[in-house]
Amino acid sequence: MEWDVIVVGARCAGGPTAMLFARQGYRVLLLDRAASRTDTLSTLYIQQPGVSRLERWGLLDAVKATGCPPLGRTVYEIDDVRLAGCAGPNGTVHASYAPRRHLLDAILVEGAVAAGVEFRDHCGVSELLVEDGRVAGVRCTTPGGRSTVERARLVVGADGMRSTVAELAGARTTVEHPRLTCAYYTFWQGPKTDFELYEGERGWVSAVPTNDAVLISAYFPQDRFDEVRTDAFAAYREGVKVNAPALFEQMERAERTERLRGTGDQRNYFRETSGPGWALVGDAAHHKDSITARGIGDAFLQAELLVEAVADGLHDETRLTAALEAYGTELVAQLTPPYQGTLLVAQADARDKRLALLRAVGTSPDLTQRYFDTVAGVRPVSELYTPELLALLQG
Ligand SMILES: Cc1cc2nc3c(=O)[nH]c(=O)nc-3n(C[C@H](O)[C@H](O)[C@H](O)COP(=O)(O)OP(=O)(O)OC[C@H]3O[C@@H](n4cnc5c(N)ncnc54)[C@H](O)[C@@H]3O)c2cc1C
């Protein structure tokens, strides 16, 4: 049988893409080479626009039912500046959430399956089938180790930063910047925190309350990665101690519940998003440093943009080509401002500029609200940058 759409990768980008295509009435196959209900690297925080999408898709109640607490207050400290508040509301959504990924990603897949998607885990895609100059399906390895071919009108790569689909389709990198940070985190039972962010001289710390613990992360400039990784736990403790001393005291009294996880592979890029018979969503299409916690929500956004662009035009080649182009244009338009904002936040060398900006922001409740809103993506960055603030950044 021929599928309408095959989605490769079943997490933040792939689950919603498969679900939304199925809700349009398409026959969809969703594949992932990993086992379902597993964790992946993430500090878990979903900004309000992402939470709004979960609500609109009817999945937010399931996320709340996992027991992850609503996060209605954000604290950001840098030097003498302390901003406290909350982004939004975004529509009816006030709080953000940070569910464990083995729970969130399973809810997304269950949403897809409920919409009629056929889901297969332990099923890795190794080849794209190309016919008459367009992608026509995939070769994948089934749970028994057997290689099979599945055919489809559209193959969507939702297979992450190291996307097999992007590589096999020859998707070019269109924008790229050097890696700026490396990140380590683990989970602690005991601390009582809001969603908290601390920025020191050359390091960042965050506390993120999740289902059963508080995730505490330490970010370092990329130029320290080789040194940090030699004894990552010592560097992590030192990072929290230096940049967030009060949080460190709580951490010292708390129980660590999992091993330390981390990465230095924080790439910054946009890729070509489509070609004949294929498209990319999520990290496969675009990735930025995780320091601004936008990847999950941006993956949701891309899923929606792709499915809305294709709409009922999947089987009309002219309409499909135009839709895939429109999707790529919209993705770049919507995600370039937060991409540039993320590069600014992740550049240790730009700290003085950030500090000047945040000092000015901290003098005004209105600017503070705008700051939280733009960081979360509730309103465009342009609504924060008054001429005076822009001058501080450029100075
Ligand atoms: C340290 C760190 C912290 C982060 N913190 C946050 C945060 O707080 N908030 C936030 O919004 N974002 C955060 N992110 C980013 C966020 O996790 C990603 O943007 C998001 O997971 C992207 O989802 P995705 O579905 O595109 O890709 P992925 O989550 O990478 O999923 C891709 C899936 O594709 C599957 N796959 C890969 N290749 C194949 C193949 N050949 N065949 C079949 N399946 C395949 C994989 O098994 C995987 O399940 C963080 C990232 C990192 C690294």
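**Figure 1. A salt bridge joins Glu258 and Arg100.** The two side chains meet with 2.9 Å from N to O. The model shown here, as in every view below, is predicted. One salt bridge is the full count between domain 1 and domain 2. The distance of 2.9 Å falls inside the cut-off, because a salt bridge needs a side-chain nitrogen of Lys or Arg within 4 Å of a carboxyl oxygen of Asp or Glu.

**Figure 2. The protein is divided into two parts, domain 1 and domain 2.** Domain 1 takes in residues 2–44, 100–177 and 266–344. Domain 2 covers 181–263. Their C-alpha centres are 31 Å apart. The contact draws on eleven residues of domain 1 and 16 residues of domain 2.

**Figure 3. Domain 1 and domain 2 bury about 1,200 Å² between them.** Carbon and sulfur atoms account for 56% of that area. On the domain 1 side, look for Leu41, Thr43 and Arg100. These three supply 48% of what domain 1 buries against domain 2. No other three residues supply as much. Arg100 also appears in Figure 1, where its side chain meets that of Glu258.

**Figure 4. Polar contacts cross the interface of domain 1 and domain 2.** Six residue pairs make such contacts, with both residues at pLDDT 80 or more. What kinds of residues does domain 1 bring to the side that touches domain 2? Four are nonpolar, five are polar and two are charged.

**Figure 5. The ligand is surrounded by 30 residues.** The closest are Asp32, Thr43, Tyr45, Asp283 and Ile296. Thr43 has a place in Figure 3 too, as one of the three residues that supply 48% of the area domain 1 buries against domain 2.

**Figure 6. Cys12, Arg101 and Asp283 each place a polar atom by a ligand oxygen.** For Asp283, a polar side-chain atom lies 2.8 Å from an oxygen atom of the ligand. For Arg101, an N or O atom of the side chain is 3.1 Å from a ligand oxygen. Cys12 uses its backbone: a polar atom there is 3.3 Å from an oxygen atom of the ligand. How much of the ligand does the protein cover? On its own, the ligand has 1,000 Å² of accessible area, and the protein covers 92% of it.

Technical notes: Residues numbered from 1 in each chain as written. Predicted model: local features only at pLDDT ≥ 70, side-chain atom pairs only at ≥ 80, totals over all residues. Heavy atoms only, no water. Domains from an automatic or database assignment. Contact = heavy atoms within 4.5 Å. Buried area = accessible area lost by both parts, 1.4 Å probe. Polar contact = N/O pair within 3.5 Å; in protein donor to acceptor, adjacent residues only side chain to side chain. Nonpolar A, V, L, I, M, F, W, Y, C, P; charged D, E, K, R; others polar. Near = heavy atom within 4 Å. Areas by Shrake-Rupley, 256 points an atom, 1.4 Å probe, with all protein chains shown as cover.
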